[in-house]
Amino acid sequence: MVKGKGSKKSTVKFVIDCTAPVDDKVLDVASFEKYLQERIKVDGKTGNLAQSNVVITRDRTKLTVASPSEVGFSKRQLKYLSKRYLKKQQLRDYLRVVAASKNSYELRYYQITGGNDDEAEE
């Protein structure tokens, strides 16, 4: 029989990259971090981050949510909360939440192209 490895705690990290809106001074990362601190649910309860060792850290333009893998923290919840925050700030019409990689999201502007009226004249 193969012996299992030691009880090494592995963490899962999710990153939300807010570079574009922060550079344009549209989004405030500090208030976004505060919003996530208050709203993230662990085991069905908000305000349960410290007991579950879920840590939110902030760089200048990025938020990182680190969680023990046993907690089962979902990336989808981060997307949901990000969209709710954008809606609350009335930025939802201009920004969208896009998965940049397996464990990161990115806030991007919608690509608005000048529509050609030639197609409408049928």
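This is a dialogue about reading the sheet, the helices and the ring pairs of a predicted model.

Visitor: Where should I begin with the sheet, and what is the order of its strands?

Guide: The general idea is that strands of a sheet pair through backbone hydrogen bonds, either parallel or antiparallel. In this predicted model, five strands form an open sheet in the order 4-5-1-7-6, and the pairing is mixed. Strand 4 (55-58) and strand 6 stand at the edges with a single partner strand each, so one side of each is left without a neighbour in the sheet. On average, neighbouring strands of this sheet are turned by 20 degrees against each other, direction ignored.

Visitor: In which sense, parallel or antiparallel, do strand 1 and strand 5 pair, and over how many bridges?

Guide: Strand 1 and strand 5 pair in the antiparallel sense, over seven bridges, and T11 stands opposite P68 in strand 5. Strand 1 and strand 7, in turn, pair in the parallel sense over three bridges, with V15 opposite S104 in strand 7.

Visitor: How many bridges join strand 6 to strand 7, and through how many residues does the hairpin join them?

Guide: Strand 6 and strand 7 run antiparallel and are joined by six bridges, while the hairpin passes from strand 6 to strand 7 through two residues. The bridge partner of L95 is Y109, in strand 7. Strand 6 also holds S101, which is partly exposed, with a relative accessible area of 35%. The C-alpha atoms of S101 and V15 are separated by 9.4 Å, although these residues are 86 residues apart along the chain.

Visitor: Which strands does helix 2 touch, and which strands does helix 3 lie across?

Guide: Helix 2 packs on the sheet and touches strand 1, strand 4 and strand 5, its direction making about 175 degrees with that of strand 4. Helix 3 lies across strand 1, strand 5, strand 6 and strand 7, and runs at about 160 degrees to strand 6.

Visitor: What span should helix 3 have, counted from its residues?

Guide: At 1.5 Å a residue, the 14 residues of helix 3 (residues 75-88) should span 20 Å, and the end C-alpha atoms are 20 Å apart, which agrees. Just after helix 3, Q90 takes a positive phi of about 60 degrees.

Visitor: Which residues of helix 3 are buried, and what do they pack against?

Guide: A general idea helps here: an α-helix has 3.6 residues a turn, so residues three or four places apart point the same way. In helix 3 the buried residues are K75, Q77, L78, K79, L81, S82, Y85 and L86. These buried residues pack against several elements, including helix 2 (29-39), strand 2 (41-42) and strand 5 (62-68). As for K75, its charged end sits over the ring of Y105, 4.6 Å from the ring centre.

Visitor: How many aromatic pairs does the structure hold?

Guide: The structure holds three aromatic pairs. In the pair of F14 and F73, the ring centres are 6.0 Å apart and the planes stand at 45 degrees, so the pair is tilted. This pair links distant parts of the chain, with F14 in strand 1 and F73 in the loop between strand 5 and helix 3, 59 residues apart.

Visitor: Is F14 buried or exposed, and which residues do ring pairs link into a cluster?

Guide: Both F14 and F73 are buried, and the cluster linked by ring pairs is made of F32, Y35 and Y85.

Definitions and conventions: Residues numbered from 1 in each chain as written. Predicted model: local features only at pLDDT ≥ 70, side-chain atom pairs only at ≥ 80, totals over all residues. Heavy atoms only, no water. Helix = DSSP H or I, 4+ residues; strand = E, 2+ residues; numbered from the N terminus. Expected span 1.5 Å × (residues − 1). Buried < 20%, exposed > 50% of the residue type's maximum accessible area, 1.4 Å probe, protein only. Contact = heavy atoms within 4.5 Å. Phe/Tyr/Trp six-rings, centres within 6.5 Å; stacked < 30°, edge-to-face > 60°. Lys NZ or Arg CZ within 6 Å of the ring centre and 35° of its normal. Pairing = 2+ DSSP bridges. Axes fitted to C-alpha atoms, helices over the stretch in contact; angles between N-to-C directions.
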